[in-house]
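Okay, thanks for making room for me today. Let me put the structure up, and then I'll walk you through it.

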Amino acid sequence: MVNDTSLIKKSLQIEYFSTAWMAFEFAVGLYSGITAGSILLIAFGMDSFLEIISGSTLIWRLKKESHNASEKEIAHAEKISSTIVGSVLLLLSAYVVFVSLFNLLNHQEADASLSGIMIAIASVVLMPFLTIKKRHLGKSINSDALIEDGMCNITCAYMAATVLVGVIVTALFNLWWIDSVAALVLVYFIASEGAESLRNGLKNKN
């Protein structure tokens with residue numbers, strides 16, 4: 001494993017920034033979702049919270065590497081992160097499906113949310129940049145975990161785009177069912193990310 005102090009420092013810096021952004025995204029997404037009654041925005045905010053957990057674990061892993069920890073310790077940290085995050089993402093998917101179907105059956109309507117639109121636009125712009133940086137740094141220090149974390153960011157960009165379409169269509173056309181349908185589309189990204197994380201955790205366990 002390449003142990004370049006400068007590259008690891010840069011990796012930690014990008015991960016600190018990414019995790020801080022996810023904390024902001026979680027707060028705005030959850031607040032916007034609750035005030036607007038939007039399961040789509042709530043799911044987006046909760047996924048950001050899970051990415052905080054994932055990012056924090058990766059920071060822990062990178063710090064271990066910066067302190068010359070053994071590969072066994074680093075692999076153990078990655079296994080724990082993958083298993084926990086994957087399991088919670090799948091539970092979140094089940095929650096979103098249940099609430100979305102409930103809202104569709106009961107004609108529950110979400111209100112428009114300006115803050116939800118703004119945070120989704122910001123994420124669509126920012127996430128690809130983080131993905132490129134993490135992919136480059138991950139290859140430089142031979143860290144599959146950092147590369148995979150970058151892929152979580154591009155998944156977040158897809159999710160933000162879905163949120164953006166759902167919120168804008170709801171605001172412009174007042175179609176009561178759009179929020180729930182868009183949330184069900186979001187489940188595909190959440191569940192795919194969760195299944196991949198869980199597979200990685202179980203694979204590392206063997």
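So, start at N174, the residue that comes right after helix α5. Its phi is positive, near 55°. Keep in mind that we're looking at a predicted model here.

Now step back into α5 itself. This helix runs over residues 144–173. That's 30 residues, and from the first C-alpha to the last α5 reaches 43 Å. At 1.5 Å a residue you'd expect 44 Å, so the span is close to that.

Okay, on to the charged pairs. Side chains of opposite charge can pair when their charged atoms come close. How many salt bridges does the structure hold? There are 3.

Let's take K134 and D149 together. Their side chains meet in a salt bridge, at 2.6 Å from N to O. K134 sits in helix α4 and D149 in α5, 15 residues apart, and the pair links distant parts of the chain.

K134 has another partner, and that's E15. Here the closest N and O atoms are 3.5 Å apart. E15 is in helix α1, residues 5–36, while K134 is in α4, residues 114–140, so this pair ties together parts that are 119 residues apart in sequence. Put those two bridges together and you get a network that links E15, K134 and D149.

So are these three buried or exposed? The cut-off for buried is under 20% relative accessible area. E15 comes in at 1%, so it counts as buried. K134 is at 0%, so K134 is buried too. And D149, with 6%, is buried as well.

The remaining bridge is over in helix α6, residues 178–205. There, the side chains of E196 and R199 meet at 2.8 Å, N to O. Both residues lie in that helix, 3 residues apart, which is about one turn. Why does that spacing work? An α-helix has 3.6 residues a turn, so residues three or four places apart point the same way. As for E196, its relative accessibility is 37%, so E196 counts as partly exposed.

Last thing, confidence. The protein averages a pLDDT of 84, and 96% of the residues score at least 70. Among the elements, α1 has the highest mean pLDDT, 92, and helix α3, residues 71–105, has the lowest, 81. In general, where pLDDT is low, the predicted coordinates should not be read in detail.

That's my tour, thanks for listening.

Conventions:
Residues are numbered from 1 along each chain as its sequence is written. This is a predicted model: local features need pLDDT of at least 70, side-chain atom pairs count only at pLDDT 80 or more; totals for chains, interfaces and linings use all residues. Side-chain values use heavy atoms; hydrogens and water are left out. A salt bridge is a side-chain nitrogen of Lys or Arg within 4 Å of a carboxyl oxygen of Asp or Glu. Helices (H or I, at least four residues) and strands (E, at least two) are DSSP runs, numbered from the N terminus. Buried means under 20% relative accessible area, exposed over 50%, partly exposed in between (1.4 Å probe, protein chains only). pLDDT is the predictor's confidence in each residue, from 0 to 100.
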